[in-house]
Amino acid sequence: MKRFVLLDTAPIPGTTDSLCLFEYGEDFVIKIESGKGGQLMNTRMHGSEDALAEIPARLLASRTSQRVLIGGLGMGFTLASALKHFKADAEVVVAELVPGVVAWNDGPLGEKAGYPIRDARTRIENRDVADVLREAPAGFDAIMLDVDNGPEGLTADDNDWLYSAEGLAVCARALRPSGILAVWSASADPRFSQRLSKAGFKAKAEQVYAHGSAGAKHTIWIARYVGRPNAQVTARKSREDKGGPKGARKRGAVARPARRK
């Protein structure tokens with residue numbers, strides 16, 4: 001009879017909680033020590049984690065010199081999928097807040113995904129993905145977020161910021177033109193779809209099987225930044241206020257599109 005065997009615990013920075021790695025028969029399971037949310041992830045069901053990278057890679061197949069960011073290493077399956085589906089010379093940056101998760105992926109857990117952490121194209125940033133995003137304006141063709149359980153964080157309250165209007169604005173600035181933001185969630189959330197739209201993203205929520213072709217489904221938002229609806233109107237009004245009546249321009253001035261905020 002299979003039973004959960006605790007292998008290790010890893011403190012979550014900025015909280016009083018920890019992640020716990022269990023062995024369960026031939027599989028591994030990660031839970032939160034305090035018991036919130038049950039299983040966070042396991043090695044048996046990772047179909048949606050694979051799709052989180054596969055879908056953006058397919059949509060960006062024509063691009064060269066690809067550089068992509070994964071927020072949350074988890075059990076390494078999204079990273080393995082990115083290395084498989086993006087171009088052979090793509091750089092894949094992974095931001096993982098919990099040092100223990102990186103160590104687990106370089107240990108026995110990593111075998112389940114094929115040790116993608118050891119691939120030469122992988123660059124691990126052992127810090128908050130928000131910091132990586134802030135430091136990389138127009139730095140990524142795709143941003144794939146699998147931080148916590150989705151738009152409503154379980155492991156750290158700070159994760160909620162990433163899915164807020166301010167966090168989405170930072171994501172927009174970190175994307176290259178026509179880049180893709182992909183967001184994983186354990187469940188659908190119409191409010192987050194609305195938040196994406198208000199932040200200037202054209203998004204589609206796709207339902208993806210967690211494992212195989214039956215059973216539970218997870219949600220992945222695939223979003224392109226197209227600009228906030230009021231951005232150009234606001235910019236035009238500002239120019240009019242500073243430069244005179246509607247349509248007036250200084251001689252030789254060139255109209256420029258509104259900058260992303």
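Here are some short exercises on the structure above, each with a worked solution.

This is a predicted model, in which local features need pLDDT of at least 70 and side-chain atom pairs count only at pLDDT 80 or more, while totals for chains, interfaces and linings use all residues. Residues are numbered from 1 along each chain as its sequence is written, and side-chain values use heavy atoms, with hydrogens and water left out.

**Exercise 1. Get to know the chain**

Find how many helices and strands the chain has, and what share of its residues is buried.

Solution. Start with the elements: the chain has eight helices and 11 strands. Both are DSSP runs numbered from the N terminus, helices being H or I with at least four residues and strands E with at least two. Next, take burial: of the 261 residues, 44% are buried. Here buried means under 20% relative accessible area, exposed means over 50%, and partly exposed is in between, with a 1.4 Å probe and protein chains only. Finally, look at contacts, which are heavy atoms within 4.5 Å. Among contacts with a separation of 6 or more, 66% are between residues 24 or more positions apart.

**Exercise 2. Compare two helices with their surroundings**

Work out which residues of α1 are buried and what covers them, then turn to α6.

Solution. First, locate α1: this helix covers residues 47–59 and has 13 residues. From first C-alpha to last, α1 reaches 18 Å, close to the 18 Å expected at 1.5 Å a residue; the expected span is 1.5 Å times one less than the number of residues. Second, list the buried residues of α1: Ser48, Glu49, Ala51, Leu52, Ala53, Ile55, Pro56 and Ala57. Third, find their cover, which includes helix α2 (77–85) and the strands β8 (140–145), β9, β10 (201–209) and β11 (217–225). Now move to α6, residues 165–174, where seven of the 10 residues are buried. Those in α6 are Gly167, Leu168, Ala169, Val170, Cys171, Ala172 and Ala174.

**Exercise 3. Follow strand β9**

Which residue pairs with Arg176 in a salt bridge, and what lies 2.7 Å from the side chain of Ser185?

Solution. Begin with Arg176: its partner is Asp141, and their closest N and O atoms are 2.9 Å apart. A salt bridge is a side-chain nitrogen of Lys or Arg within 4 Å of a carboxyl oxygen of Asp or Glu. This pair links distant parts of the chain, with Arg176 in β9 and Asp141 in β8, 35 residues apart. Arg176 is partly exposed at 25% relative accessible area, whereas Asp141 is buried at 3%. Then go along β9 (residues 175–185) to Ser185. Ser185 is buried, with a relative accessible area of 3%. A polar atom of its side chain lies 2.7 Å from the backbone oxygen of Ser187.

**Exercise 4. Trace the charged pairs**

Find how many salt bridges the whole structure holds, and which residues join into one network.

Solution. The search gives 11 salt bridges. Take one of them: Glu125 and Arg123 have their closest N and O atoms 2.8 Å apart. Glu125 is buried at 16% relative accessible area, and Arg123 is partly exposed at 32%. Another joins Arg191 and Asp189 at 3.4 Å, N to O, and Asp189 is buried at 10%. Shared partners join Arg67, Glu91, Arg123, Glu125, Arg127 and Glu135 into one salt-bridge network.

Note on methods. Polar contact = N/O pair within 3.5 Å; in protein donor to acceptor, adjacent residues only side chain to side chain.
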